[in-house]
Amino acid sequence: MTQKIAVLPGDGIGPEIIEEAIKVLDFLNTDMALGLEFEHGLIGGAAYDETGSPFPATTVELVKQADAVLLGAVGGYKWESLDIAVRPEKGLLGLRSELQLFSNLRPAILYPQLADASTLKSEVVSGLDIMIVRELTGGIYFGQPRGIRILENGEKQGYNTLVYSESEIRRIGHSAFRIAQKRNKRLCSVDKANVLECTELWREVMSEVGKEYPDVELSHMYVDNASMQLVRAPKQFDVMVTTNMFGDILSDTASMLTGSIGMLPSASLDVNSKGMYEPIHGSAPDISGQGIANPLATILSAAMMLRYTFNIGAAADRIEQAVHDALDANVRTADIYSAGMQKISTSEMGDTVVNALQAGVK
Ligand code: NAD
């Protein structure tokens with residue numbers, strides 16, 4: 001069976017890092033007969049320059065037809081003064097809403113070889129491997145009514161609405177339980193059920209959904225405690241699932257535990273696990289065109305795509321192991337370089353991962 005991947009390199013370092021991810025996928029495609037097919041498209045500033053839109057109709061069609069999307073990054077100095085409606089970032093938002101990507105997966109993985117990059121003690125974070133599943137299309141960021149109004153006494157008042165329906169909670173719940181099933185089968189649902197009725201319902205529905213996944217151990221935690229536990233003892237977690245706003249904050253905390261932005265992948269999934277996969281970092285215009293960007297976050301995003309959309313865990317495992325092996329070989333791009341290591345370029349890092357795949361056990 002063929003699997004169609006829409007490849008959207010985007011702007012800045014996007015094309016450089018995507019090239020390396022494709023190198024890795026190409027190797028596995030031949031080696032494991034995965035049946036992957038790639039079709040390139042435009043997004044962000046590159047799309048605006050060519051078509052006047054950051055998410056042109058041809059790209060909309062391409063991503064709708066594809067089984068998964070692999071994206072580099074969008075944005076850059078060149079487009080900062082454009083009208084907000086056509087800024088590169090609008091392309092990304094358009095893509096998320098077009099594909100109804102409501103489940104945002106943000107792993108925080110700290111390779112033992114990079115433990116010194118974290119601001120936390122190495123014994124607290126070394127070997128960290130957690131996954132935060134954030135609800136992406138509901139909650140207080142979208143709830144109505146919202147705004148700033150003038151009160152009778154003339155004072156201004158800002159207000160937003162935290163709202164989740166049972167079906168929205170159930171949908172993200174199923175997504176998170178399925179992810180936990182592919183990992184260590186422990187899921188922690190994060191809420192503020194002691195204060196917010198909306199998340200009291202969140203907790204109730206999560207518990208209900210949990211009955212359908214008896215192989216996954218479900219626990220609940222208040223968000224204030226979760227934020228504390230994430231920096232106190234983060235390795236206690238496997239998968240965490242939470243609301244849009246709590247997830248926004250907790251996933252940034254979790255990613256910074258690792259200290260290396262060039263290493264972290266992400267995924268955004270729809271109800272059928274069709275997904276968009278991208279590194280968490282941006283287009284890094286300060287280093288673009290120099291061949292020094294770290295391609296590992298994008299290569300690891302490709303691994304997530306194989307695991308979560310295509311259900312080829314064995315291929316994903318091989319990529320993740322090859323990244324381990326590359327780091328063990330003491331080669332580093334500039335962003336993760338430390339004394340005693342060999343500094344290498346973006347494409348040399350891609351080659352090192354391919355060589356590790358070639359050398360590794362199938
Ligand atoms: P950024 O993530 O692009 O860069 C932050 C810093 O990290 C920079 O010093 C950069 O050189 C470095 N960095 C990032 N990725 C790296 C990599 N793979 N290897 C080595 N170093 C890396 O964030 P920013 O500077 O705030 O934003 C730059 C542009 O990217 C802006 O236009 C912003 O809107 C856009 N952006 C896009 C996305 C996305 O496409 N999903 C996400 C965040 C920011």
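**Exercise 1. Lys23 and its contacts**

Task: Find what Lys23 touches in this predicted model, leaving out residues up to four places away in sequence.

Solution:
- Step 1. List the contacts. Lys23 touches Ser347, Gly350, Asp351 and Val354.
- Step 2. Place the residue. Lys23 sits in helix 1, residues 14-32.
- Step 3. Take one partner, Ser347. The two residues are 324 residues apart in sequence. In space, their C-alpha atoms are 9.4 Å apart.
- Step 4. Classify Lys23. Its relative accessible area is 26%. Partly exposed covers the range between 20% and 50%, so Lys23 is partly exposed.

**Exercise 2. Pro145**

Task: Locate Pro145 and decide whether it counts as buried, partly exposed or exposed.

Solution:
- Step 1. Locate it. Pro145 lies in the loop between strand 5 (129-135) and strand 6 (147-150).
- Step 2. Check accessibility. The relative value is 48%. Exposed requires over 50%, so Pro145 counts as partly exposed.
- Step 3. Find its contacts. Neighbours within four places in sequence aside, Pro145 is in contact with Tyr159, Asn160 and Thr161.
- Step 4. Add a distance. Asn355 is 210 residues from Pro145 along the chain. Their C-alpha atoms are separated by 55 Å.

**Exercise 3. The faces of helix 3**

Task: Work out which residues of helix 3 (residues 57-65) are buried, and why they line one face.

Solution:
- Step 1. Pick out the buried residues. They are Thr59, Val60, Leu62 and Val63.
- Step 2. Look down the axis. The buried residues of helix 3 fall within an arc of 165°, so they line one face of the helix.
- Step 3. Turn to the other side. There, Ala57 and Thr58 are exposed.
- Step 4. Identify the packing partners. The buried residues pack against strand 1 (3-10), strand 2 (36-40), strand 3 (68-73) and helix 4 (88-98).

**Exercise 4. Domains and cores**

Task: Describe how the chain is divided, then place the largest nonpolar core relative to the domains.

Solution:
- Step 1. Divide the chain. Domain 1 is 1-111 + 260-362, and domain 2 is 129-256.
- Step 2. Relate the two. Their C-alpha centres lie 26 Å apart. In contact across the boundary are 19 residues of domain 1 and 20 residues of domain 2.
- Step 3. Examine the largest core. It has 86 residues. Leu105, Val133, Tyr277, Leu306 and Val323 touch the most other members.
- Step 4. Find the main contributor. Helix 10 (residues 296-308) gives the largest share, nine residues.
- Step 5. Place the core. Domain 1 and domain 2 both give residues to it, so it lies between them.
- Step 6. Note the second core. This separate set of 16 residues includes Phe55, Val60, Val74 and Met276.
- Step 7. Inspect Val133. Beyond four places in sequence, its contacts include Ser103, Asn104, Leu105, Ile172 and Val241.

**Exercise 5. The largest pocket**

Task: Give the volume of the largest pocket and say what lines it.

Solution:
- Step 1. State the volume. It is about 620 Å³.
- Step 2. Count the lining. There are 28 lining residues. Nearest the centre lie Leu92, Leu93, Arg96, Leu136 and Glu278.
- Step 3. Assign elements. Strand 3, helix 4, strand 4 (103-109), helix 9 (244-258) and strand 12 (275-279) each supply at least two lining residues.
- Step 4. Name the main supplier. Helix 4 gives the largest share, six residues.

Note on methods. Residues numbered from 1 in each chain as written. Predicted model: local features only at pLDDT ≥ 70, side-chain atom pairs only at ≥ 80, totals over all residues. Heavy atoms only, no water. Buried < 20%, exposed > 50% of the residue type's maximum accessible area, 1.4 Å probe, protein only. Helix = DSSP H or I, 4+ residues; strand = E, 2+ residues; numbered from the N terminus. Arc of directions from axis to C-beta. Contact = heavy atoms within 4.5 Å. Core = buried A, V, L, I, M, F, W, Y, C linked by side-chain atoms within 4.5 Å. Domains from an automatic or database assignment. 1 Å grid on protein atoms, 1.4 Å probe; cavity = no way out; pocket = protein on both sides within 12 Å on 5 of 7 lines; lining within 4 Å. Points joined across faces, edges and corners; volume = space filled by probe spheres on them.
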